[in-house]
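Hi,

Here's the structure I said I'd pass along. Have a look, and my notes follow underneath.

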Amino acid sequence: MPSVKPGTISGSSSPAQKSMKRWWKESTVYQVYPASFKDSDDDGIGDLQGVISKLDYIKSLGANVVWLNPVFCSPQVDMGYDISDYYNIYRPYGTVNDLDQLIAAIHERGMKLVLDLVVNHTSDQHRWFQEARSSKANPYRDWYIWKKPVFGKDGKPQPPNNWKSYFGGSVWEYDEPSGEYYLHLFAKEQPDLNWENPYVRAAVHDIIRYWLTKGADGFRMDAINLISKDQDYPNAEVTNPDSPWQDGTKHFACGPRLHEYLQGLGKILKQYDAFSVGEMPEVYDLNEMLRSVGEDRNELSMVFHFETVSLDHGPGGKFTSRKWDLQELKTIVSRWQTFMHENNGWNTLYLENHDQPRIVSRFGSDEPELRVPSAKMLATFLGCQSGTLFIYQGQELGMPNVPKHWGIDQYRDIETLNHWNEVTTNDPQNTPLHETCLAEYRLKSRDNARTPMQWDDSPNAGFSSVRPWLPVHDDYQSLNAVLQVNDKESVYHYWASVLRLRKAYPDILIYGSFELLSPEHPDLFIYSRTASSGRAIIVTNFRPHDVSWSIPEKTFSSQGDIVLSNYPGRTTYTLSEPPVTIKPFEAFVWLSGTETSRL
């Protein structure tokens with residue numbers, strides 16, 4: 001098995017770096033989507049006992065934190081992001097006792113557990129909302145956001161403003177018995193909580209304390225920057241004259257009391273030395289992000305930003321196309337890496353998760369001859385940056401998007417299906433538009449990442465003995481965990497090598513500074529990581545063909561070695577006579593200033 005020899009790095013960081021060290025900064029998080037991970041009871045749906053059965057697989061990869069997507073009671077309108085009971089488990093996943101067993105099993109292996117906390121909204125089946133809609137006089141009424149209608153010329157009630165829901169249509173749903181609308185930024189079955197109400201905040205704090213006391217080690221916080229809204233609820237600027245509903249994020253993303261609320265959460269999290277990562281859509285201001293993750297702010301450990309994963313979103317939204325170039329990616333990555341390092345903030349490193357498609361299909365190539373090198377290249381590109389690294393289940397295998405033959409009948413994602421229904425209702429005869437939408441779904445739908453985990457080549461990919469809730473990808477017989485664990489040249493083992501490299505040289509690859517090299521090269525993304533103990537140069541080719549690189553003078557001037565490469569035969573010697581030919585989706589890491597051994 002490839003190995004990394006720890007060099008002379010330990011204890012060599014500067015005092016400033018030492019003060020910034022945290023266990024969660026040096027962690028690698030493995031994200032588990034419970035419904036699609038492993039079915040232990042033969043109902044076609046993954047479960048907690050299935051997760052327990054695969055913990056050794058996760059640990060062998062080198063991850064040390066498991067992030068579990070929502071497992072609490074839910075009607076599953078949005079795959080668990082509509083919670084009806086924060087203290088009990090969705091029955092097909094198991095019981096509280098199963099979660100207790102999972103926590104214990106994770107801790108026995110020296111790992112930690114992060115739960116998914118969804119507190120911008122609840123399910124409409126939650127007791128709080130059932131009470132709230134029962135009467136205007138109910139004490140829970142003010143736990144949600146209710147507004148009187150605006151009446152049109154026809155005398156019919158209209159929504160209070162023109163904000164657009166993330167899942168299509170208005171953010172307002174009319175409650176006829178009370179004659180008022182309630183706010184839902186997502187599905188109508190996901191009413192937003194009213195964080196202006198101190199009782200709501202206290203209830204959320206109680207939930208956090210309960211699960212941390214039970215043994216959870218932290219939380220991923222869903223859409224957490226949406227919890228504070230502009231209390232005037234003004235109409236949004238009309239940017240799409242063809243729709244009655246407009247983008248209102250200016251009025252509810254990072255609202256006026258957000259940081260007050262986050263500091264309330266952070267105070268509890270700090271008491272437990274807990275991990276926290278906030279999902280923050282619609283935020284592109286680095287200073288705003290720093291206010292959430294700054295070392296002295298006591299709010300969140302880190303946040304998920306969306307700049308990188310929105311690169312291919314077109315002017316009409318996620319399901320419209322946009323061509324982007326490598327310079328844009330370089331600008332985004334360099335800005336976040338440099339800004340957070342210089343300002344004592346912290347990054348998340350992710351390109352794939354339950355809401356994002358597979359990276360080999362999106363940023364690399366899922367063609368059979370190119371999938372493996374492109375998956376390894378992307379592992380190198382992402383895994384050598386500064387930040388906490390997140391790997392989504394199947395990413396370590398290089399799993400691709402759904403098969404190209406999928407029709408709309410095979411999708412389950414509410415976001416995709418709502419978009420399809422809106423398009424086909426508004427323009428039922430426009431076949432070319434429908435085909436374009438299907439092509440976009442195959443590229444960006446959330447279902448791309450939700451096909452069942454491919455464990456082996458048995459029926460249903462070893463995920464379940466019965467038909468899964470979502471179809472298994474066609475390629476499971478040639479792409480599965482058993483094959484890759486047994487193949488030292490697989491994507492799985494390459495990812496494991498990346499994680500070992502991060503652990504062996506944390507001062508350089510985790511805490512070191514970032515510099516973009518050869519910034520104008522149209523095909524190569526090259527950057528360096530530097531600490532007092534040494535320097536790493538990471539070279540990645542984002543193209544499916546050979547690329548020529550005229551190496552700038554003194555780039556590899558000091559003594560060093562290639563410590564990781566996705567093509568056999570790449571050595572320091574091959575870099576001595578520029579220009580150098582970089583192979584399709586090639587990636588390698590050159591390290592100097594410390595004792596090294598080739599991976």
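I'll start with one residue and then zoom out. Setting aside neighbours within four places in sequence, His434 makes contact with Trp420, Val423, Thr424, Asp427, Pro428 and Gln429. Keep in mind that this is a predicted model.

His434 sits in helix H15, which covers residues 431-444. Its relative accessible area is 10%, so His434 counts as buried, the cut-off being under 20%. What does its side chain have for polar company? A polar atom of the His434 side chain is 2.9 Å from the backbone oxygen of Asp427, and Asp427 is also on the contact list above.

Now the whole thing. The protein has 18 helices and 22 strands. Its radius of gyration is 24 Å, close to the 25 Å that the globule rule gives for 599 residues, so the protein is as compact as a globular protein of that length. If you're setting up a box, the C-alpha atoms fill one of roughly 80 × 55 × 50 Å along the principal axes.

As for packing, 60% of the 599 residues count as buried. Taking contacts between residues at least 6 apart in sequence, 71% join residues at least 24 apart.

On the surface side, the accessible area comes to about 23000 Å², and carbon and sulfur atoms account for 50% of that. Charges: there are 59 positive and 77 negative ones, and their mean positions are 4 Å apart.

Cheers

Key: Residues are numbered from 1 along each chain as its sequence is written. This is a predicted model: local features need pLDDT of at least 70, side-chain atom pairs count only at pLDDT 80 or more; totals for chains, interfaces and linings use all residues. Side-chain values use heavy atoms; hydrogens and water are left out. Helices (H or I, at least four residues) and strands (E, at least two) are DSSP runs, numbered from the N terminus. The radius of gyration is taken over C-alpha atoms; the globule rule is 2.2 Å times the number of residues to the power 0.38. Buried means under 20% relative accessible area, exposed over 50%, partly exposed in between (1.4 Å probe, protein chains only). Contact means heavy atoms within 4.5 Å. Accessible areas come from the Shrake-Rupley method with a 1.4 Å probe; for residues, only the protein chains shown count as cover. Lys and Arg count as positive and Asp and Glu as negative; His and the chain ends are not counted. The place of a charge is taken as NZ of Lys, CZ of Arg, CG of Asp or CD of Glu. A polar contact is a pair of N or O atoms within 3.5 Å; within protein, one must be able to donate a hydrogen and the other to accept it, and residues adjacent in sequence count only if both atoms are side-chain atoms.
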